[in-house]
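Colleague: Please take a close look at one part for me, the sheets and how their strands pair. Then carry on to the helices, so that I can follow the packing.

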Amino acid sequence: MFKTAQWIYTDKTAESACPIFRKSFTLSEGLCNAKIRATAFGMYNLYVNGKRVGDALFAPGFTSYPNRVQVQEYDVTDLLQTGENTVDVLCGNGWAVGFLGRGNTNHFFSEHISLRAEINMTSADGKTECIGTDESWQVLTGTLVESELYHGDIVDMTAEETLLGTALTEERDVATVPDGGVPVREQERLAPFKLIITPKGEKVIDFGQNLAGYVEVRVKGKRGDKIVISHAEVLDSDGNFYTRNLELARAQNTYILSGGEDVFKPTFSYQGYRYIRLDEWPFEEVDLSCITSVAVYSEMKRTGNFLCGYEKINKLYQNTIWGQRSNFVDIPTDCPQRDERLGWTGDIQVFLHTAAINYDVERFMRKWFVDLRLEQKENGAVGSVVPGVANRGERTSTAWGDASVVCPWELYLAYDCKDELEANYPMMQKWIEYMHNAGEEEYLWLGGDHYGDWLASDAILCPEVREGATQTDLIASAFFGYSVSLMAKVSRALGKDATYYEDMFLKIKDAFQRIFMKDGLPVLYPKYDALSTTRPVKALTQTSLVLILKFGLYKDEAERVALAKKLVEMIDENGGRMSTGFVGTPYILEVLTENGYADRAYDLFLQEQSPSWIFSVNRGATTIWEHWDGIKEDGSFWDHCKNSFNHYAYGSVFEWVYGMALGVRVCPDGAGYRKITITPHPDRRLGFAWGRIDTRLGTLEAKWSYQAEGIRYDYTIPTGCEATLTLPDGRVMNLTAGNYTFVTEDK
Ligand code: BGC
């Protein structure tokens, strides 16, 4: 990858948290090609002769640093000149060196920033020259004083550039690999919505949209004057600026003015916010036209769209889109605001299906899968946070580790990327064997340390318990069955023998029936959860029924029918509401619909009381909340910590919207939308529902609408797609490329 470049660093870290590594050199005439390759421990921005190269943010990206760092390549032919040239590389701590994970801990992956870069030049006469990082590179300080992912930037435009000396070299035992991801870039730009003076007298600007990004400020003021900006997702019930849920993330940017025209924005940090507070603002007035909120996320093509005749659902859809934008920042993160922003495996396991409809996420996910594979333990264990961070995601948890099977499968279904599925197959096999060997029962996963039905509301009797009331032994055993059943599909898709997994699933089902089911209902496994004093559990929960139904662990058809009926009863007993968390929620509407209760699925979907999707919409949410009731009915907060207003997990309800309400699903033997089924479940309350997916084959559209003549269905099928349409009146038709319209009676 590198011909001559060495890793360089500076030991003058006290003088400069954001060093500039500089190389000046003379070029004679005739340059015809010049490329720079660069990577770093930390983040870097590259400048040639004072000009920023490219517009990607946060290079070299977040990877499993102990194993690999990505190398970017830039064509700089047009930026170099005959005569004197200067290459500057500005660095910051980023993920590798800065504060990351729980608490205020830094230096997880490296004690200091390190850079490795080289300029490869070819001239017209074929001569080549390579200038790589070595001891001759200068180290300087500049105007970027500090830049921390969680804490924000400090920029001092009055600071003089100071030469600290020359770089030191070092050895690093890490693979340098080509960048396999997609660049993080500035995306939407939002003007301020309004200026608020809060009851506390704070100057607050509302941008009207929660997002991940940063605020750009263009000002001209007195040299040495200072601007300090804090960020928040919400205001408290009194209307004051609220930052406690950011926990240890300071999320504050400080700018010292040059005296000329200044454009300020962070360089190696971003914030999750809807509001900013001007903690220090050196002007009489706040000219809103000089302040812009800039969304920052990985470059992805938008591929999905949805609209219906129910405004609150349309808003929920927009919130899901913003949830994805905010948490697809180089890796799939849990949230963009507090001191986490990590690759929680459970969250993407839940959301990937929806994400892959909304946007083309293939390349983005492929990069993350490399790290998922690299970080799998020898014994097959898959972490809860990838790339791993020493003080987060310690548990090897069911539904989190299952991301290693579910996610590659979902990506394959969406994009028909067989090579990626093949590349992940050994990891998937190892995860299955990990579960297979985990407990004392060969075909169940008993014991272990899990996140349970994370944040389910049925743990309400014991609010400090976040794992919900469903026994984790049952969840873990059910997910073991689910992943094994997917492995059978994966094996078939790859032309491999699937009998091992088919048999294993039947054995899991038997063991599950023997240990967890009595008289057709779930019972407690007495040994682990039930004895736990810290985590009270129940045998019968909505989530346990949902999992048994979704993963096909019921004994026979009669049991399936009875369990579905029981689920409906339990929802009724809970005031027509769910009590499910991260694990049960993604499937509850699907399970109801599949079992003949589509109307009840819609009831939950349109429910206004918490726990429900519309509860947050009614409270002005512009993204999906981590907790159903992050802000409660009375305006108070669910809690002061772990209360994000921008978690995508519950946005996974759009998997049901596309897959069951509109009814469009990809068949396992027709990945990439080559073969789909369309089984619409219209509901009058929505009036109409329309979805469009720009598949790799072309545009696929599905719509139903309530009309005077009945329910009308419109479809556009792309070339290369075979669809089997099943209408509610029982008609079944095969559709190939073209446009279709049908009408059924409105019963
Ligand atoms: C994260 C979650 C994550 C969970 C693990 C939280 O702090 O924000 O989304 O999955 O921990 O249970």
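Modeller: Strand S36 (residues 722-726) and S37 pair in the antiparallel sense, over four bridges. One position to look at is Ala723, which stands opposite Leu735 in S37. Keep in mind that this is a predicted model.

Both strands belong to an open sheet of four strands, in the order S31-S32-S36-S37. The pairing in that sheet is mixed. Its edges are strand S31 (664-666) and strand S37 (732-735). Each edge strand has a single partner strand, so one side of each is left without a neighbour in the sheet. From one strand to the next, the twist averages 20°.

There is also an open sheet of five strands, ordered S26-S33-S34-S35-S38. Here the pairing is antiparallel. Strand S26 (304-308) and strand S38 (738-744) are the edge strands, and each pairs on one side only. Neighbouring strands of this sheet are turned by 5° against each other on average, direction ignored. Inside the sheet, strand S34 (residues 698-707) and strand S35 (residues 710-717) run antiparallel and are joined by seven bridges. Ser705 has Arg712 in S35 as its bridge partner.

Now the helices. Two packed helices are described by the angle between their axes and the distance between the axes.

Start with helix H4 (residues 362-375) and helix H6 (residues 418-436). Their axes come within 10 Å and cross at roughly 15°. H4 and H6 are therefore roughly parallel to each other. Their crossing is left-handed. On the H4 side, the contact is made by Arg366, Phe369, Leu372 and Arg373. H6 contributes Asp419, Glu420, Ala423, Asn424 and Met427. Sorted by class, the contact of H4 with H6 has four nonpolar, one polar and four charged residues.

H6 also packs against helix H7 (residues 472-493), at an angle of about 145° and with the axes 10 Å apart. The crossing of H6 and H7 is left-handed. From H6, the contact residues include Leu421, Tyr425, Met428, Trp431, Ile432 and Met435. From H7, they include Phe480, Val484, Met487 and Val490. By class, the contact of H6 with H7 has 11 nonpolar, four polar and one charged residues.

Next, helix H2 (residues 311-327) and helix H3 (residues 345-358). They pack at about 95°, with their axes 11 Å apart. That angle makes H2 roughly perpendicular to H3. H2 makes the contact through Tyr317, Thr320, Ile321 and Gln324. H3 makes it through Phe351, Thr354, Ala355 and Asn358. The class split for the contact of H2 with H3 is four nonpolar, four polar and no charged. A helix rule helps in reading such lists. An α-helix has 3.6 residues a turn, so residues three or four places apart point the same way.

Last, helix H11 (residues 585-594). Nine of its 10 residues are buried, so H11 is largely enclosed by the rest of the structure. The buried set is Thr585, Pro586, Tyr587, Ile588, Leu589, Glu590, Val591, Leu592 and Thr593. Note that Glu590 is among them. Gly596 follows H11, and its phi is positive, near 90°.

Technical notes
Residues are numbered from 1 along each chain as its sequence is written. This is a predicted model: local features need pLDDT of at least 70, side-chain atom pairs count only at pLDDT 80 or more; totals for chains, interfaces and linings use all residues. Side-chain values use heavy atoms; hydrogens and water are left out. Buried means under 20% relative accessible area, exposed over 50%, partly exposed in between (1.4 Å probe, protein chains only). Helices (H or I, at least four residues) and strands (E, at least two) are DSSP runs, numbered from the N terminus. Axes are lines fitted to C-alpha atoms, for helices over the stretch in contact, and angles run from 0 to 180 degrees between N-to-C directions. Angles under 35 degrees count as roughly parallel, over 145 as roughly antiparallel, 65 to 115 as roughly perpendicular and the rest as oblique. A crossing is left-handed if the near helix is turned anticlockwise from the far one by less than a right angle, and right-handed if clockwise. Contact means heavy atoms within 4.5 Å. Ala, Val, Leu, Ile, Met, Phe, Trp, Tyr, Cys and Pro count as nonpolar, Asp, Glu, Lys and Arg as charged, and the others, Gly among them, as polar. Two strands pair if DSSP finds at least two bridges between them.
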